[in-house]
Amino acid sequence: MRICAKGELPRPGEAREFSAGPRTLCIANIDGVIRALDNECPHRGGPLAEGTIEDGKLICPWHAWTFDPATGATDSSQERVAVYPVTIESEEVFVKI
């Protein structure tokens, strides 16, 4: 599924929210690597795309749960968010849902 143009991606060290059909995804740029994961924190539903990235981890803006953008795992519990493969073809960005 196409989610955006390459020029719309977040800069390194930032995340942004994108729609992918009925889902809302967090697209994070981790040192130039684009990661896609569900945007809702399993703790209290915080919007992950509004969080910060520190040391390669995505931090929820509501209660500071820390997620690995490559696996969706959190340091805080057994909970995790789904992650999705990202491909960039020419100037278009696609996520496989």
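Here is a short chat about how the labels on this predicted model follow from their cut-offs.

User: What are the ground rules for this model?

Analyst: It's a predicted model, where local features need pLDDT of at least 70 and side-chain atom pairs count only at pLDDT 80 or more, while totals for chains, interfaces and linings use all residues. Residues are numbered from 1 along each chain as its sequence is written, and side-chain values use heavy atoms, with hydrogens and water left out.

User: What makes β2 and β3 a pair?

Analyst: Two strands pair if DSSP finds at least two bridges between them, and strands themselves are DSSP runs (E, at least two residues; helices are H or I, at least four), numbered from the N terminus. Between β2 (residues 15-20) and β3 (residues 23-30) there are six bridges, so the pair passes the cut-off of at least two. They run antiparallel, with Arg 16 standing opposite Ile 27 in β3. The two form a hairpin with two residues between them, and Gly 21 in the turn has a positive phi of about 65 degrees.

User: Which other strand does β3 pair with, and over how many bridges?

Analyst: That's β4 (residues 33-38), antiparallel to β3 and joined to β3 by six bridges. Leu 25, for instance, has Asp 38 in β4 as its bridge partner.

User: Why are β2 and β8 called edge strands?

Analyst: They belong to an open sheet of four strands, in the order β2-β3-β4-β8, with antiparallel pairing. Each of β2 and β8 pairs on one side only, and that makes them the edges.

User: And what makes β5 and β7 edges?

Analyst: Same kind of argument. The open sheet of three strands has the order β5-β6-β7, paired antiparallel, and β5 (52-54) and β7 (66-67) each pair on one side only. β5 and β6 (residues 57-59) share three bridges, and Glu 54 stands opposite Lys 57 in β6.

User: How do you know that β9 and β10 pair?

Analyst: Four bridges join β9 (residues 86-89) to β10 (residues 92-95), and the two run antiparallel. The criterion is at least two, so they pair. Thr 87 has Phe 94 as its bridge partner in β10. This is a hairpin with two residues between the strands, and Ser 90 in the turn has a positive phi of about 60 degrees.

User: What makes a group of residues a nonpolar core?

Analyst: It's a set of buried Ala, Val, Leu, Ile, Met, Phe, Trp, Tyr and Cys residues joined through side-chain atoms within 4.5 Å. Buried means under 20% relative accessible area, exposed over 50%, and partly exposed in between (1.4 Å probe, protein chains only). The largest core here has 14 residues, and those with the most contacts inside it are Cys 26, Leu 48, Leu 58 and Phe 67. β3 gives the most to this core, with three residues. A second, separate core of twelve residues includes Leu 9, Phe 18, Ile 27 and Tyr 84.

User: How do you know that Cys 4 isn't in a disulfide?

Analyst: A disulfide is a pair of cysteine sulfur atoms within 2.5 Å. The closest cysteine sulfur to that of Cys 4 is in Cys 26, 12 Å away, so it's too far for a bond. Cys 41 is in no disulfide either, with the nearest cysteine sulfur, that of Cys 60, 3.9 Å away. A search of the whole structure finds zero disulfides.

User: Are Cys 4 and Cys 41 called buried or exposed, and why?

Analyst: Cys 4 has 1% relative accessibility, so it counts as buried. Cys 41 is buried too, because its relative accessible area is 2%.

User: Why is Asp 75 called exposed and Thr 74 buried?

Analyst: Thr 74 has a relative accessible area of 8%, so it's buried, whereas Asp 75 is exposed because its value is 59%. Thr 74 lies in the loop between β7 and β8 (83-84), and so does Asp 75. The side chain of Thr 74 reaches the backbone oxygen of Thr 66 at 3.0 Å. Leaving aside residues up to four places away in sequence, Asp 75 touches Lys 57 and Thr 66, where contact means heavy atoms within 4.5 Å.

User: What makes Glu 89 partly exposed?

Analyst: Its relative accessible area is 48%, and the in-between class covers what is neither under 20% nor over 50%, so the label follows. Glu 89 sits in strand β9.

Notes:
Polar contact = N/O pair within 3.5 Å; in protein donor to acceptor, adjacent residues only side chain to side chain.
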